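The following exercises concern a predicted model. Each task is followed by a solution in steps.

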Amino acid sequence: MRAAEDRAGAIVGTVEYRDLGPLRAQETVAFARACGEVDPRLLDPDSAGFEVHPLYLPSVLRGPGGGVAAEYRADGMFRDEVPGTDGLDVRLMAGGQSVTFHRPVPLGDPITVRRSLDTVERKGRPGSDFLLLTVSKTYRASGAGDLATVTERFIVR
């Protein structure tokens, strides 16, 4: 865990950008269905009131092409999703997420996510300690502007 703490500590404040491309109606509808939604505004892209499920955007980690095998950890997470842990034999867990929505998500407008590691904290007691990493993300559409701000926490053991 010391290696993860050192690696993550070295990149606190570093900003990364990832191009997610434009969101497509077919994928947002599939997400809404998987969430058990029945609201036609989330399920019928041909309706005048169609909207993207608000939680779809923070769930998008890669662009339309998705990832390739080399980008995944053995546990199925993307290798770079938890800063400082790539290639290390650590256990990862979600430690909470907060999302602030700024405006509706547009279809067809290319999306970019800005990500930075804000803090690395050692928590717990000696022998049962863990790291708590706090990551900030801002999702932005090229035409519409900021869509959502997300704060995620990851537990590293």
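**Exercise 1: The faces of helix α1**

In helix α1 (residues 2-10), the buried residues are A4, E5 and A8. Determine how they are placed around the axis, which residues the opposite face carries, and what the buried residues pack against.

*Solution.*

Step 1. Buried denotes a relative accessible area under 20%. The three buried residues, A4, E5 and A8, cover an arc of only 100 degrees around the axis, and therefore lie on the same side of α1.

Step 2. On the face turned away from this buried side, α1 carries the exposed residues R2 and A10.

Step 3. The packing partners of the buried residues of α1 are the strands β3 (111-123), β4 (130-141) and β5 (145-156).

**Exercise 2: The sheet and its edges**

State the strand order of the open sheet. Which strands stand at the edges?

*Solution.*

Step 1. Five strands form the open sheet in the order β1-β3-β4-β5-β2, and their pairing is antiparallel.

Step 2. The edge positions belong to β1 (15-21) and β2 (92-101); each has a single partner strand, so one side of each lacks a neighbour in the sheet.

Step 3. On average, and with direction ignored, neighbouring strands of this sheet are turned by 25 degrees against each other.

**Exercise 3: Pairing of β1 and the helix on the sheet**

How many bridges join β1 and β3, and what angle does α1 make with β3?

*Solution.*

Step 1. The antiparallel pairing of β1 and β3 extends over six bridges. V15 has S116 in β3 as its bridge partner.

Step 2. Helix α1 packs on the sheet, where it touches β3, β4 and β5, and its direction makes about 130 degrees with that of β3.

Notes. Residues numbered from 1 in each chain as written. Predicted model: local features only at pLDDT ≥ 70, side-chain atom pairs only at ≥ 80, totals over all residues. Heavy atoms only, no water. Buried < 20%, exposed > 50% of the residue type's maximum accessible area, 1.4 Å probe, protein only. Helix = DSSP H or I, 4+ residues; strand = E, 2+ residues; numbered from the N terminus. Arc of directions from axis to C-beta. Contact = heavy atoms within 4.5 Å. Pairing = 2+ DSSP bridges. Axes fitted to C-alpha atoms, helices over the stretch in contact; angles between N-to-C directions.
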